[in-house]
Amino acid sequence: MGCLGTISYTFFLLSYSSRNPIRSGPEGFQFSRALKSSSRSMYRGLSLRTSMGEETAASMARQDERPSRGIECSVRKVPHVLTVAGSDSGAGAGIQADLKACGALGVYCSTVITAVTAQNTVGVQGVHHVPEEFVGEQLKSVLSDMHVDVVKPLKAALVVDPVMVSTSGDVLAAPSILSVFREELLPMADIVTPNLKEASALLGGVQLETVSDMYSAAKSIQSLGPRNVLVKGGDLPASKDAVDIFFDGEHFHELRASRIKTCNTHGTGCTLASCIAAELAKGSSMLPAVKVAKRFVEVALDYSKDIIIGNGFQGPFDHLFKLSRVCNSCKGQRFKPSDLFLYAVTDSGMNKKWGHSITDVVKAAIEGGATIVQLREKVAETRDFFKTAEECLEMCRSYGVPLLINDRVDVALAIDADGVHIGQSDMPARVARILLGPEKIIGVSCKTPEQAEQAWLDGADYIGCGGVFPTTTKENNLTIGLEGLKTVCLASKLPVVAIGGIGVGNAHSVMKIGIPSLKGVAVVSALFDRECVTTATKMLHSVLMDVVSTPN
């Protein structure tokens, strides 16, 4: 059973009608479209080719002539994706998957429904096609009122997921549809995302059984007109990884992720395409958008692998990471940006100075308000550190606070810690991600926008930016000041925690820089170079709370 289809408004009106039906309509074609308001001329030109005709073109034109509302210049524009799709009553694919995927990535999604299905995890029991004219009415209604968001300057983006062949191998599009697809839709596409069976259908039945075949297919499909191609290898025989091949017309990129063993895969194609569209609507370039989308699907599948919804062989997965598959009391903590609010970093030298044990100070910091803990140990033997880290992890789990290990991926793996924090001279984040898997938290120390960008591309969850101020805990540490912190925060696509010389006296000035990506402060001396760690933590927590509760 393939995913519930989504159909381009242009392609739908060119080819999906009562005179030329698609077999198993709800499986149809999918794409999500993000349009730039300033590209209306292109959009109007396309609409003139459809059966919506001159009336729709005039409606689009009138959008440009409307006087703007007085509040628009002062209200932040929300990234906006338009998706045209069928409705899945089981909510695993189609419109429902698009809405959930876009929402999870912080993007508004407007919709046009092409079909209503009676569908569950067992199969499709019924289909009601929405009349072509009413699909046009929905489009006119949305586009006459809403501005679908900017993707790139002076360019609209078309993300095409050609759901033409089901998971079981059934061909869902007649030869005439395939012809129109190749000749009409692909040349307009910014990216097309076929799986192996769909890529084979697009290429006339060529068998695709190896990664090398995928490279050839990506190049051949790109020659049909789309700017970019992502051939998805989820069904590649005997592959230990989920391998996708991305081709932009010049360069190939082999994208690998963990292969998640789960039956809850319904809607993965819809979700991937919608995530790509969402990232493009937020301003991302194509390859980073694809990487974010691929990782999102991987993490969602892993998170949802044990969820049971329905009795069929292909269940849905949880896009919003809210459905708990087991009791969290004995499991790790999923990362939330708010975890960075008061980030406690331990120091063995300070513990020795005050006669504190690591477990004692970790407990004290948590009770004082620390929201995440990092164990930093540079001198202890691995065996001793391992034992201490296990004790701290048990304590953190009992409080529901994530525990990260500084640098030592081996220790994090051995105790099943919640994640690691690594520096620029340590193991690359992309390698740590491969070793730790999709659910673990990875933070990276960064001083520049370039380093922040690389951390994002490598799959990190957050960055630690600094040192902001001079500090005694790290020798020869270049400070970047508040202006440097602002620069990195503005450039970062990841949540940021500021670190370096921060304490009660200056935490207010750090948090008041007012950049949304800055989520908190990471501190060492301000908490642990004190006789009473709990009191010190409470004081700093109070300062931070005053900042966030005081209007700018």
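## Close-up views of a predicted protein model

**View 1. Asp339 is buried, with a relative accessible area of 6%.** Buried here means under 20% relative accessible area, exposed means over 50%, and partly exposed is whatever falls in between (worked out with a 1.4 Å probe, protein chains only). Lys336, the partner of Asp339 in a salt bridge, is partly exposed at 42%. Their closest N and O atoms are 3.4 Å apart. To count as a salt bridge, a side-chain nitrogen of Lys or Arg has to sit within 4 Å of a carboxyl oxygen of Asp or Glu. Before you go on, a word on what you're looking at: this is a predicted model, where local features need a pLDDT of at least 70 and side-chain atom pairs count only at pLDDT 80 or more, while totals for chains, interfaces and linings use all residues. Residues are numbered from 1 along each chain as its sequence is written, and side-chain values use heavy atoms, leaving out hydrogens and water.

**View 2. The whole chain, before we zoom in again.** The chain has 20 helices and 17 strands; these are DSSP runs numbered from the N terminus, with at least four residues for a helix (H or I) and at least two for a strand (E). Of the 552 residues in the chain, 54% are buried. The accessible surface comes to about 23,500 Å², and carbon and sulfur atoms own 54% of that. These areas come from the Shrake-Rupley method with a 1.4 Å probe, and for residues only the protein chains shown count as cover. Take the contacts (heavy atoms within 4.5 Å) between residues at least 6 apart in sequence: 68% of them join residues at least 24 apart.

**View 3. Asp244 and Lys294 share a salt bridge.** How many salt bridges does the structure hold? There are 19. In this one, N and O are 2.9 Å apart. The pair links distant parts of the chain, 50 residues apart: Asp244 belongs to strand S8 (residues 241-247) and Lys294 to helix H10 (residues 286-303). Are Asp244 and Lys294 buried or exposed? Asp244 and Lys294 are both buried.

**View 4. Lys305 pairs with Asp302, and three other residues build a network.** The Lys305–Asp302 salt bridge spans 3.3 Å from N to O. Lys305 is partly exposed, at 32% relative accessible area, whereas Asp302 is buried at 9%. Elsewhere, salt bridges link Asp241, Glu254 and Arg256 into a network. The background idea is simple: side chains of opposite charge can pair when their charged atoms come close.

**View 5. Tyr215, Phe247 and Phe252 are clustered through ring pairs.** Rings of Phe, Tyr and Trp (its six-membered ring) pair if their centres lie within 6.5 Å; planes under 30 degrees apart are called stacked, over 60 edge-to-face, and the rest tilted. That rule gives 4 aromatic pairs. One of them is Phe247 with Phe252, a stacked pair with centres 4.2 Å apart and 20° between the planes. Phe247 is buried at 5% relative accessibility, while Phe252 is partly exposed at 32%.

**View 6. Phe335 and Tyr462 stack too.** Their ring centres are 5.9 Å apart and their planes meet at 25°, so the pair is stacked. Phe335 sits in the loop between H10 and strand S10 (342-345) and Tyr462 in strand S15 (residues 462-466), so this pair ties together parts 127 residues apart in sequence. Both Phe335 and Tyr462 are buried.

**View 7. Gln222 and its surroundings.** Look for Gln222 in helix H8 (residues 211-222). A polar atom of the Gln222 side chain lies 3.3 Å from the backbone oxygen of Pro226. Setting aside residues up to four places away in sequence, Gln222 touches Arg227, Val229, Phe247, Asp248 and Gly249.

**View 8. Ile309 in its loop.** Ile309 is found in the loop between H10 and S10, and with 40% relative accessibility it is partly exposed. Which residues does Ile309 contact, leaving aside neighbours within four places in sequence? They are Thr121, Pro316 and Leu323. The C-alpha atoms of Ile309 and Asn264 are 8.7 Å apart, with the two positions 45 residues apart along the chain.

Definitions and conventions: Polar contact = N/O pair within 3.5 Å; in protein donor to acceptor, adjacent residues only side chain to side chain.
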